[in-house]
Amino acid sequence: MKQSFSELKQRAYKNIDDRKKTVARDPYRLHFHIMPLVGLLNDPNGFVFYKGQYHMFYQWNPFQTEHGAKFWGHAVSDDLVHWEEAPIALAPDQWYDKNGCYSGSAVVFQEKLYVFYTGNVKNEHGKRESYQCLAVSEDGIHFEKKGPIIHVPQGYTMHFRDPKVFEKDGKWYMVLGAQTEDEQGEAVIYTSADLANWSFQGVLAGSGHNGLSDFGYMWECPDLFELDGQDILAVCPQGLSPKGFAYNNIFQSGYFAGKVDYEKILFDHGNFVELDRGFDFYAPQTTADPSGRRILVGWMGNADEGDSIHPTIKHEWIHALTLPRELQWKDGKLHQYPVEELQLLREEGVHHTDVVVWEEAVDLPRVNGQVFELEIAIKDLAAAEFSVEIGEKSSFRYDAKTQICTFQRREFSKNGVEGRHCVLESLQNIQIFKDTSSIEIFINNGEEVFTSRVFDNLDVDEIRFIAKAGHVKIDVKKWNIKRVTEY
């Protein structure tokens, strides 16, 4: 039986209330990341600055720790670090979104907030239907659904979703993830003058286009923006096979950089570059803030793999969002910097200068913990290998001879370790944000990033520095991080 928005919202809030004690008892709850009050969180949606606040919506199943009929959860912030939970924005209450209000974006127009999302439907024959939908708000809290504005065009399957809308030169554009009837992944583009009536313009990028060969059977969560003279298409291709250190997660998240011809709808771009080298990063979305910064937030998860053994499930919740990151184009690639506002959370800082590390592990006074920010400046790397061991089984290692960076964590279902890797010509600095069960490691001022969930023994909180076959001189700064996520 179909339920109204009010009924669905009441059910969701009752489920939160019924399970809040179970959720709160989880020692792996985070201190300074957006996470669900209960149930499953995935893609960030509708990331936008509106009426003096940042708005972050997210895919949310408030009833299960599994993917299902998604709602749009909602959080707001004045500064990107102190987030407050806002009322549920969207629920699957209409014929065109009854099996889920799937991912999308938001823009501000004439002082109203326009959100675009994919309505997911399974018809009476069990087949998927997909509609691109619009909802409008005058206060950023209450939304009036306007219904479908785009139906799937000919030549595409119902895997057609995740609208990202932006304005350029007085015209509105929408880029969408798509799958052709030949099961090839593409990003397609639409235009509009009024945000209500949209015209299909063609393929922006995809398998077999612009010199790209076969590159996945579906592209999700596209995001097109300009940064320092480069046009960047962030996208999540599905179906790429592992290639050395690349493409080792079940689905990938990365970007193409180049130049878009908006008249001819052509994208002259370079190679696909992964945005993150860790285990848990997918579906990133960006926005421009009032100062012009391009800020990215991703889902700290990756599809379905491993969910059944995820340690938080017994406490009725799963997944989180990453920290906000400022993007900059530098030396021919995207760099990701933790937004400077995160410094507001620092407390009890400690600074150690000119620490010389040899093969015997070095423990520094007051450099330990489960919730912290750690900065390491490499002043002299005269060793074959340098490692930072964090807690029970998490570690970062740089092999100076092979130029390989490695992050290792404890396997969720076993007592062993698993790793992810990338190649870097040199190691200059490391910045680590640890939040009980998450870790985000920024290397060389964001040249590479490793994002992962980690579930070590929380009673083991040492941080150790080790060199092999030589010595390393480092400066170390460490801060505890205030708890700002109270739910």
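**Entry 1: strand E15**

I looked up the burial of strand E15 (residues 254–261) in this predicted model. Of its 8 residues, 6 are buried, and I therefore noted the strand as mostly covered, with buried taken as under 20% relative accessible area.

I then listed the pairing partners of E15. Strand E14 (residues 230–238) pairs with E15 in the antiparallel sense, over 5 bridges. Within that pairing, I found Tyr-255 of E15 to be the bridge partner of Ala-234. Strand E16 (residues 266–269) is joined to E15 by 4 bridges, again in the antiparallel sense. Here Gly-258 stands opposite His-269 of E16. With strand E17 (residues 273–274) I recorded 2 bridges, also antiparallel. Glu-274 in E17 is the residue that Gly-254 faces.

The connection from E15 to E16 was checked next. The two strands form a hairpin, and 4 residues lie between them. In the turn, Ile-265 has a positive phi of about 55°.

**Entry 2: other positive phi values**

Most residues other than glycine have a negative phi. I therefore looked up further exceptions, and noted two that sit in strands.

Ala-283 has a phi near 55°, positive although the residue is not glycine. Ala-283 belongs to strand E18 (residues 282–288). Its relative accessibility is 1%, so I counted Ala-283 as buried.

Asp-354 likewise shows a positive phi, near 55°. I located Asp-354 in strand E24 (residues 346–357). At 41% relative accessibility, Asp-354 is partly exposed, because that class covers values between the 20% and 50% limits.

**Entry 3: Gly-170**

I looked up the position of Gly-170 and found it in the loop between E9 and strand E10 (171–180). Gly-170 has a relative accessible area of 65%, so I entered it as exposed, the limit being over 50%. I also checked the separation of Gly-170 from Ala-193, which lies 23 residues away along the chain. Their C-alpha atoms are 8.1 Å apart.

**Entry 4: an open sheet of 5 strands**

I traced an open sheet whose 5 strands run in the order E29-E28-E27-E26-E33, with antiparallel pairing. The edges are strand E29 (417–423) and strand E33 (463–468). Each edge strand has a single partner, so one of its sides is left without a neighbour in the sheet. I recorded an average turn of 15° between neighbouring strands, direction ignored.

For the pairing at the E33 end, I looked at strand E26 (residues 385–390), which meets E33 over 6 bridges in the antiparallel sense. One of the bridge pairs there is Ser-387 with Ile-466 of E33.

**Entry 5: the largest pocket**

Finally, I looked up the largest pocket and noted a volume of about 620 Å³. Its lining comprises 29 residues. Those lying nearest the centre are His-67, Lys-70, Tyr-102, Arg-161 and Glu-220.

I then asked which elements give two or more residues to this lining. They are strands E1 (39–50), E5 (101–109), E6 (112–122), E9 (156–168) and E13 (218–227).

How do the lining residues divide into nonpolar, polar and charged? I entered 10 nonpolar, 10 polar and 9 charged residues.

How values were computed:
Residues numbered from 1 in each chain as written. Predicted model: local features only at pLDDT ≥ 70, side-chain atom pairs only at ≥ 80, totals over all residues. Heavy atoms only, no water. 1 Å grid on protein atoms, 1.4 Å probe; cavity = no way out; pocket = protein on both sides within 12 Å on 5 of 7 lines; lining within 4 Å. Points joined across faces, edges and corners; volume = space filled by probe spheres on them. Nonpolar A, V, L, I, M, F, W, Y, C, P; charged D, E, K, R; others polar. Pairing = 2+ DSSP bridges. Axes fitted to C-alpha atoms, helices over the stretch in contact; angles between N-to-C directions. Buried < 20%, exposed > 50% of the residue type's maximum accessible area, 1.4 Å probe, protein only.
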